[in-house]
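Here are some friendly notes to read alongside the model. They go from helix packing to an annotated site and then to a few backbone details.

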Amino acid sequence: MIPLSLGEIASIVGGTIEGDSTVTVTAPAVLDGRQAEPGGLFVAFDGEHVDGHDYAEQAGQVGAVAVLGSRPTKLPTIVVKDAQAALQALAAHVVARLRDRLTVVGVTGSQGKTSTKDLVSAVLSSTAPTIAALGSLNNELGVPITMLRADADTRCLALELGARRVGDIAALTDLVAPDVGIVLNVGQAHLSYFGTRAAIAKAKGELVQGLTPGGTAVLNADDPAVVAMRAHTGGPVLTFGRAEHADVRVLDLTLDRLGRPSFRLRTADDSVPVRLPLVGAHQALNAAAAVAAGLAAGVPLDRSAKALATASLSKWRMELRELANGVTLLDDSYNANPDSARAALDALDAIESGRRIAVLGDMAELGDDSETEHRAIGKYAASRADVVVAVGAAAHLIADGAGDRAVALAGNDATVDWLRGNLAPGDLVLVKASREARLDEVAAALA
């Protein structure tokens, strides 16, 4: 974050200062006081279950020098009526001051956003100082928090843009209009909020509509709903995918014994080999999207390919670990929807191993399709795994689909107990569910 005095911040956000007004914020803003850095700003919200203002002193002990909130605290505080609006106004101001030297890339889609954002970060970082969203900070709070990490040295900003309703992404692009916008796919994530896939497509298309004048749309050539978004912009369009007409085309895709993809990326002018240190064939398309964004941002094709060879993903995304007991764990527990679950199961099937065990929990926000989709993913899992361990409220539906390969368990503790009692050296275990299921706890217990 660029250094700002409390007086400057108060003027930007329309707040008043309680406490020492001579303080200057020199480090990023945080929503969790435990993550504060020396010189940082703690943004406090009075939530339904927790009042962040009560943790201001703790944030100060870690390093925060001030608070942005709706009431005074034990730290110098900029008091505002609406902390969310103030946070967004501050982020928009900071990025606007840096805008003439920044290239902003936005990523959206029903699945693969975080992994692609991580790959975009690797590509952009190969040529210029880059700030990227940490994990899945992709909403009305996470995006401004990422924006506020930019400073005078930053040249590229990689943002992940999520949505649960039409208008969400438009609101985020109002904070900062991306120079490059990637739309990965239109799937079923958050279908219970949107109602229809057409509404999901409309929401994702807001990124293309929200680009800077002349900004480049990077669209998935393999997804008709995404390709149709070309109509939303008069600016340049780059496509990626396996389709013959893709501008950045994935060719000759193979997987090694650990399910890591190797392939060629071909453009109109060149072709380069790429080998990813990531698990899953689906990562090839994510990498192609990142390369297309890199080309739009001026990163040469060969430089992008080299950067991808050492790329890494955020926590709980296709993490492959060999455990002390000879079991291999594939931890993809951060989130799930039908499409991402199938991709993870394909990766499970591609890895050389003994028994393949899929631990699957609830997929949230599927609306009226929930029962059908959970049964379908159980059936699909049975075609990819030797044992399907179904966990949680939807366990009986997943188990119904998986048939005689299924083991249905009530919760995470029972799942850990079953796994500890049944795993053998050489087994491979996939853990996959929506965030609410907290199957990361199962993965952590095994590790």
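1. Is the crossing of α10 and α11 left-handed or right-handed? In this predicted model, the crossing of these two helices is right-handed. Helix α10 covers residues 283-296 and helix α11 covers residues 301-308; they pack at an angle of about 140 degrees, and their axes lie 10 Å apart. Angles over 145 degrees would count as roughly antiparallel, so α10 and α11 are oblique to each other. If you would like to look at the contact itself, A287, V291 and L295 supply the α10 side, while L301, S304 and L308 supply the α11 side.

2. A second helix pair is worth a look. Helix α12 (residues 338-350) packs with helix α13 (residues 370-382) at an angle of about 10 degrees, with 10 Å between the axes. Since angles under 35 degrees count as roughly parallel, α12 is therefore roughly parallel to α13. From α12, the contact involves P338, A341, R342, L345 and D346; from α13, it involves E373, A376, I377, Y380 and A381.

3. Now to the annotation. The UniProt record, an unreviewed entry, places a "binding site" feature at G109, S110, Q111, G112, K113, T114 and S115. The next three points take some of these positions in turn.

4. G109 sits in the loop between β8 (103-108) and α4 (113-125). Its relative accessible area is 0%, and with the cut-off for buried set at under 20%, G109 is therefore buried. Not counting residues up to four places away in sequence, G109 touches L184, N185 and K204.

5. Q111 is also in the loop between β8 and α4. Its relative accessibility is 14%, so Q111 counts as buried. The side chain of Q111 makes a polar contact with the side chain of N337 at 3.4 Å. Leaving aside neighbours within four places in sequence, Q111 is in contact with L184, N185, G187, N337, D339 and S340.

6. K113 belongs to helix α4. Is K113 buried or exposed? At 13% relative accessibility, K113 counts as buried. Its side chain reaches the backbone oxygen of G109 at 3.0 Å, which ties this point back to G109 in the loop between β8 and α4. Beyond residues up to four places away in sequence, K113 touches V107, T108, N138, E160, L161, G162 and L184. L184 is thus a contact of G109, of Q111 and of K113.

7. Away from that annotation, you could also inspect T212, in the loop between α8 (197-209) and β12 (216-220). With a relative accessibility of 18%, T212 counts as buried, given that the cut-off is under 20%. Not counting residues up to four places away in sequence, T212 touches R99, A177, P178 and D179.

8. Finally, two backbone angles. Most residues other than glycine have a negative phi. D252, in strand β14 (residues 248-255), is not a glycine, yet has a positive phi of about 55 degrees. E365, likewise not a glycine, has a positive phi of about 65 degrees. E365 is placed in the loop between β19 (356-360) and α13, and its relative accessible area of 15% makes it buried.

Note on methods
Residues numbered from 1 in each chain as written. Predicted model: local features only at pLDDT ≥ 70, side-chain atom pairs only at ≥ 80, totals over all residues. Heavy atoms only, no water. UniProt positions renumbered as here; feature names shortened; annotations may be inferred. Helix = DSSP H or I, 4+ residues; strand = E, 2+ residues; numbered from the N terminus. Buried < 20%, exposed > 50% of the residue type's maximum accessible area, 1.4 Å probe, protein only. Contact = heavy atoms within 4.5 Å. Polar contact = N/O pair within 3.5 Å; in protein donor to acceptor, adjacent residues only side chain to side chain. Axes fitted to C-alpha atoms, helices over the stretch in contact; angles between N-to-C directions. Parallel < 35°, antiparallel > 145°, perpendicular 65-115°, else oblique. Left-handed = near helix turned anticlockwise from the far one by under 90°.
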